[in-house]
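I opened the notebook on this model to look up the ligand site, the record's domain annotation and a few backbone details. The entries follow in that order.

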Amino acid sequence: MKTFCGRANPTTGSMEWLEEGEDYDYHQEIARSRYADMLHDKDRNVKYYQGIRAAVSRVKERGEKAIVLDIGTGTGLLSMMAASAGADFCYAIEVFKPMANAAVKIVEKNGFSDKIKVINKHSTEVTVGPDGDMECRANILVTELFDTELIGEGALPTYEHAHKYLVQEGCEAVPHRATVYVQLVESRRMWSWKKLFPVHIEAEDGEKILIPPSEMENCPGVPSVCDIQLNQMPSSDFSTLSDVVTMFSVDFSKPVQSASTYYRVQLEPVKSGKAQIVLSWWDIDMDPLGMINCTMAPYWVKPTSALQWRDHWMQCVYFLPREEPVLQGEKLYLTACRDEYSVWYNLQKAREGENKADEEEHKADVPVESPVCRCRAHLLWNRPRFGELNDQSRTHRYIKALRKVLKTDSVCLCISDGSLLPVLAHYLGAKQVQCMHLSRTDLYHPHELWQAFLKANNLEDKIKIIEARPELLKPSHLEDKKISVLVGEPFFTTSLLPWHNLYFWYARTAVSTHLANNATVLPQSASLHMMIVEFQDLWRIRSPCGICEGFDVRTMDDMIKDSLNFRESKEAEPHPLWEYPCKSLSDPQEVLTFDFTKTVPQHCLSTEGSVKLLRKGKSHGAVLWMEYHLAADISVSTGLMQVSNEKGNCEWNPHCKQAVYFFSSVIESEILSDPTAVTYTINFDTKTGEIAMDFKL
Ligand code: SAH
């Protein structure tokens, strides 16, 4: 079997697919997996254990043997819980080979080999019968196949199949049921992730307003779930328009249907406002009576109960197809449509004097098709990018910087993906403006989107789109002129880590011969910054678990550690830190600079040094980010915005992911009179565009 691993090349901006051989052992997947996070999720584990014990007892009370089917066993944890609760036998199914192998070892180490059979198959391939994988159907069904959207990992088809072929009728299920909750809200912040707001530009000849094309206004967007740590969203950033409403439930102890369907509830807004967003989360009852409940409810819903931090289950943000003004007390219908793997929402107003019969009629116009982006912007820009483009204070910095460098005779080329800079440059008086949007996968159609955008603003003949890659730029593209101002944000859709946007530097290098002698490059430079931090919670996702609910899972810890140390796996990973609170333990430090006025050098850029730990705390890792120096005294940071108080709490750019390098061991800094120092070496390989780093504590 061949495995292909996709990765963007930061020196060309293109996706490349590397073929891995037979022996590809999924180090990257294991190193970045959520297993550690699940094992640290105490609330989840305790409740599963309670639910499993209760289910085993109910079966035993009926005088039956307890035969367990654990679909997606992972480390084998839930099967071991069942075995210790007295189950007679467990079939532990796991499709992911490295995990199935780990489960065998963990089960053996904990002394359950005679009670648990690990089967490395997808559950739909499992056979039942005297020669089958399972001797007989199970009477207890245990699974943990849920994602933040509940059904995104295929729980429904898996349950549907299991009820048909693998479990007895009337079986016990842990969890017994899942319920999805919703709340209607208005939020300019979250709405700015879905649509482009008009951009105001103070030009020489008055204010100009840039408007999005009409297709964008009414575009339903993309069906992919927007899952976030809603607990990090301050209540001042949204306003709730409805109470929390139960949208739908799934009873896992009965046959489950995965076919597309919809659910509809009636709502009465508790406040008038603009309905834009449906916030959603779920809970699971581990038992039929609902005494053992595990909930993802955000902070404002259950303010008294202690919140369990977890990253494998968060909350969902759904964007309504269009903004709908609603009045307090008016009658609304909210519809959740779903297919096998995803959910989307629709809001309708009840018609005047509507009764039950009309309601039936209403069902006819319920859309069953999942949202498909028609305007193409949602294929080009992801949600944080929409947020970034809607960030007026950021736009103003670019305007200020452009004003400094543009002249009436400027010939301007912009290289960035789907950037508004060319339009800003035009309004600010550049004579000739051209832009390159580097469409680098089959999915994106930036030129067509851009045409529509220019058309909506009557700029078709003002800004020229060059459909060539930088290295293929010809003088004719530029009407035989030299570029006097080269601009970029820089932003490229394929960038994963902050420094991947240095592709701008490579593109700038490729177009060098087209630059005028005294050409300006904006940004003029970039710098890489670093800070040592203590995470409030994020450390859990990469930290060993040891013993979980009495079971030794160190085999899993070792496996993750091996994978982290394997080849290039030991590298920084992207995380949007506004969702993951941390405090700074060191001062932020500039570690490398990249001079865009010059071409990319042949040699590597390296640095080494040390950072002092100035605050008491646990050093979990280093955070790295880029800052772009647009023009003298005007910079934008894609990372730290500020350290907000004495305690060192950090505020991060809400639109960008930062790079996190987790230390393999944690040091506790205590003595501040003689601060501990962390030494580092950082190397930017100009051939690959990647940054390698090492830290010594
Ligand atoms: N049960 C473990 C792990 C849960 S993660 C625990 O609770 O800690 C879910 C696991 O299910 C993953 O390892 C995934 O590979 C596996 N999986 C998902 N769907 C499956 C299916 N239909 N058949 C077999 N394994 C599946």
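I began with the ligand shell, taking a residue as near if one of its heavy atoms lies within 4 Å, and found 18 residues around the ligand, of which Tyr35, Arg44, Gly72, Glu94 and Ser123 come nearest. I noted that this is a predicted model, in which local features need pLDDT of at least 70, side-chain atom pairs count only at pLDDT 80 or more, and totals for chains, interfaces and linings use all residues. Residues are numbered from 1 along each chain as its sequence is written, and side-chain values use heavy atoms, with hydrogens and water left out.

By class, I listed eight nonpolar, six polar and four charged residues in the shell around the ligand, with Ala, Val, Leu, Ile, Met, Phe, Trp, Tyr, Cys and Pro counted as nonpolar, Asp, Glu, Lys and Arg as charged, and the others, Gly among them, as polar.

I then looked up polar contacts (pairs of N or O atoms within 3.5 Å). A polar side-chain atom of Arg44 is 2.7 Å from a ligand oxygen atom, while a backbone N or O atom of Gly72 lies 2.8 Å from a ligand nitrogen atom, and a polar backbone atom of Ser123 is 2.9 Å from a nitrogen atom of the ligand. The protein buries 89% of the 570 Å² that the ligand exposes when taken alone, by the Shrake-Rupley method with a 1.4 Å probe.

Turning to the record, I read that the unreviewed UniProt entry annotates residues 176-347 and 524-686 as "domain: Protein arginine N-methyltransferase", although such annotations may be inferred rather than shown by experiment.

Last, I checked the backbone, using DSSP runs for helices (H or I, at least four residues) and strands (E, at least two). Val174 and Pro175 are joined by a cis peptide bond with omega about 0 degrees, and Pro175 is in the loop between strands S7 (167-174) and S8 (177-186). I found another cis peptide bond between Leu522 and Pro523, omega again about 0 degrees, with Pro523 in the loop between strands S24 (515-522) and S25 (525-535).

How values were computed: Polar contact = N/O pair within 3.5 Å; in protein donor to acceptor, adjacent residues only side chain to side chain.
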